[in-house]
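Biologist: Hi there, could you walk me through the aromatic rings in this model? I would love to hear the cut-offs along the way.

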Amino acid sequence: MRARLPYKKNSLLIKLLAAFCAVILLLVSFNLIAYKFFSNRMQQEIIRYNNQNLKNTVERYDNHLQIIQGAVTRLFFNQKVLLLNELGNAEQFDPVNLVVEEIRDILRNDQLYLDNVMILFDKNGFVVEKNGPSQLNQMFSSYYVSPNYSPAFWRDQLQHTYRSKVFPQADFELPQSNSRGNFIPMLFKNKVNPDFYIAVLLDARQIFKAFHNSVNNRFYVADASGSVLFNSDHSIIQPDLLAQFKDGSNQLQLNDNYYFYYKSEASGLTYINVIPNTKIAEGITKLNLVLISLLLGAILISIAVSVVVSFKFNSPIQKIISSIRHTTPNGFLHSKIEEYNVLHDMINQMVKTNRDIEHDLNQKNSELQHLGYMNKLKDIYTSSNGPVGKNKPFYFVLFHLTMTPQLADLSSAEQAKAVYFLKEFIHTSLEDMFGEAVTLQVEKHQVLSLLFMEEENPGLLANLQQLKQLFDVDKAHCYWTIAVQPELHSFDEFGEVYKRTNEMVRQRELNGETQIITLWRPHNEFIWFLPSQEQEFVANLQAGQGQSVIALVTKLLLRMEKKEARAGQYLDFATEVVDKTVKTLAALNLDIRQLCGENSPRRMMEGFTDVQQYIRFFDHFLTDVVQGINQKREDRDWIVDFLQEYVQHHYNDDISLDLVADKLNLSSGYVSKYYKEKTGVNFSDFLNEFRIQKAKGLLQQSDYRIQEIAAQVGYLNVNSFIRMFRKVTGIPPGEYRRMNTFPESEPYGPSIQHDA
């Protein structure tokens, strides 16, 4: 009997072993070559790593400075800050307290690493900060003391002109306790209000600890003039070091150190990280030892694994081959081993599933892209919160649809279908005109189109005019507001551009024509009602004086027409009138459900195209409301009448629920429950609101002191009066008196300018 080898030389096992050996030799050769090659580049990689670390640190610092700027600059437009600047003193307790609370709201964010926010006023040299008001000299000679920043320094900054500026770090002390810290002053100014500026004190150590992630702690921040703003370890940096930094390079080897630097375009600051050259050399040596050890280990492990895997792989394959040889060639695996049949069926099922998934993904690719745009539009953070779709410059065109009654009378489903077909029409038209375009529906009546272009298109507005002519064909059914800023934008501006374009839609003229809006203006609020007019409106409405209410609303609408108000401002005013009406009806315990449903007044008014439609609407609307109020008044009962008439005649006396209940020979509990059921409000709330209404009239029409007015309307304690006045009106009585000094000839502010 002849002896034979367990495996033929052409067997799968021999081939596998040979292949593994060849791969091992190839990998060894490759690793040797790669080791020789990368040993020369390790230092470059370490340098790149440090550069990247510094870049990350710079991004964090710059983003943090921008966040701080955004948080504090809104104080320039705070009405209380402007009032303090105009008055020039800190004795106005209410405005001061409100401003202090605004500052404390900013400082409550621990992630801003701010020690204090200060508003320094030129007039009378006073300061408002987190602990309240103070004089400038006292603040910086008693509470924030630093030899580098004397009171004269802070006073001198009022004479300089800049938008924002960062100053070198310094130690600030409280002389009695030495409890301050090391801060970086940062100053903000506004050319509109140059009589004051805002200073923040950044905690230098906390920011460094939070944002610097290098293993070496030698870190500097310098401004454009070369002054060192921050020094992490108090070491001295060479005065001419910044002059040796070259554009286009990010590191400099000098003596025994590597200087990694980065000049931020956003802030103009230069960030410097210092790494000793010995650390880089040590890192390279350690990395070489690790690579050699890994190479030797990989060779040994590869040989062992190749032998084991070859045997383990060959054995089941031989069994599979043996099983397949006994099956029929019909594409099915009829094996006695159930696992093989299951494996075959699973493979077929996986192939089918993969085909279905691929088909589904192809269908929904466009929807996913649109979802990405919507997330970006709504500023919704996702794990892939980067650019979506085409990362190219684009024009941002917003189409807002207004339906005429012919289309608005359709059902919601029919309206949705109509908007869908209009969106598809817009997309097809824009693709024909501009090529690359993405169109999606962002709201029920809003369509957004992004027109991607490499450079400015001077024919953009002309093409949109052509689209407007097409829309004008169907103006009997609907008309559009097309808002576009004729300049290219990037995805970093996505949310802000959408916000501005939405505001542009509201600036359309009040008519039934399709309009193209190309100019964005800052929001200009109208002051619809003077306080006296608001009181007149509510009082006449409660009294059922329909003609007086309609005349007042008509007067304000005609004044808006004279001031050339925009469509959005008409709608805001009309909504405010409806809201005040709803609140009055609710206070009178009347049914308001018909005013808040799907066919609410706002839905009706969105399609109005001229002032006369608003006038006619309010004529009918307020007439119906007044009829309901008068009907309610006719149904009043004698208990409610007695209680209200008693308050009207004795509001300045000491009135209690027990007193009025005793006069009715009823229990106080029964009277309280009865009044609440009939009127919808508690008796005590009615009494306080009536007294406050009387106090409002005295504040507007007399020079009585607050204490005297409190006594005249039934409050023996002036503090109780002030608390109740603030609860009912939202503001203290002194501020209410000041707010009711507007000249009636100009209740709407400056006139609105039309697009050029």
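Biologist: Which residues do ring pairs link into a cluster with Phe140?

Modeller: Happy to help! Rings of Phe, Tyr and Trp (its six-membered ring) pair if their centres lie within 6.5 Å; planes under 30 degrees apart count as stacked, over 60 as edge-to-face and the rest as tilted. Ring pairs join Phe140 in one cluster with Tyr144, Tyr149, Phe153, Trp154, Phe167, Phe172 and Phe183.

Modeller: A word on the basis: this is a predicted model, where local features need pLDDT of at least 70 and side-chain atom pairs count only at pLDDT 80 or more, while totals for chains, interfaces and linings use all residues. Residues are numbered from 1 along each chain as its sequence is written, and side-chain values use heavy atoms, with hydrogens and water left out.

Biologist: How many aromatic pairs are there in the whole structure, and what is the angle between the planes of Tyr144 and Phe172?

Modeller: Searching the whole structure gives 41 aromatic pairs. Tyr144 and Phe172 make an edge-to-face pair, with 6.3 Å from centre to centre. The angle between their planes is 70°.

Biologist: How many residues apart are Tyr144 and Phe172?

Modeller: Helices (H or I, at least four residues) and strands (E, at least two) are DSSP runs, numbered from the N terminus. Tyr144 lies in the loop between helix H5 (136-143) and helix H6 (151-156), and Phe172 in the loop between strand E5 (170-171) and strand E6 (182-188). The pair thus links distant parts of the chain, 28 residues apart.

Biologist: Why does Tyr144 count as buried or exposed?

Modeller: Buried means under 20% relative accessible area, exposed over 50%, partly exposed in between (1.4 Å probe, protein chains only). Tyr144 is buried because its relative accessibility is 1%.

Biologist: Why is the pair of Phe686 and Phe690 stacked, tilted or edge-to-face?

Modeller: Phe686 and Phe690 sit 4 residues apart in helix H22 (residues 683-701), so about one helical turn separates them. Both are buried. Their ring centres are 6.2 Å apart and their planes meet at 40°, so the pair is tilted.

Biologist: Which ring does the charged end of Lys189 sit over?

Modeller: A charge sits over a ring if NZ of Lys or CZ of Arg is within 6 Å of the ring centre and within 35 degrees of the ring normal. Arg691 has its charged end over the ring of Tyr715, 5.4 Å from the centre. For Lys189, the distance to the ring centre is 4.7 Å, and the ring belongs to Tyr162.
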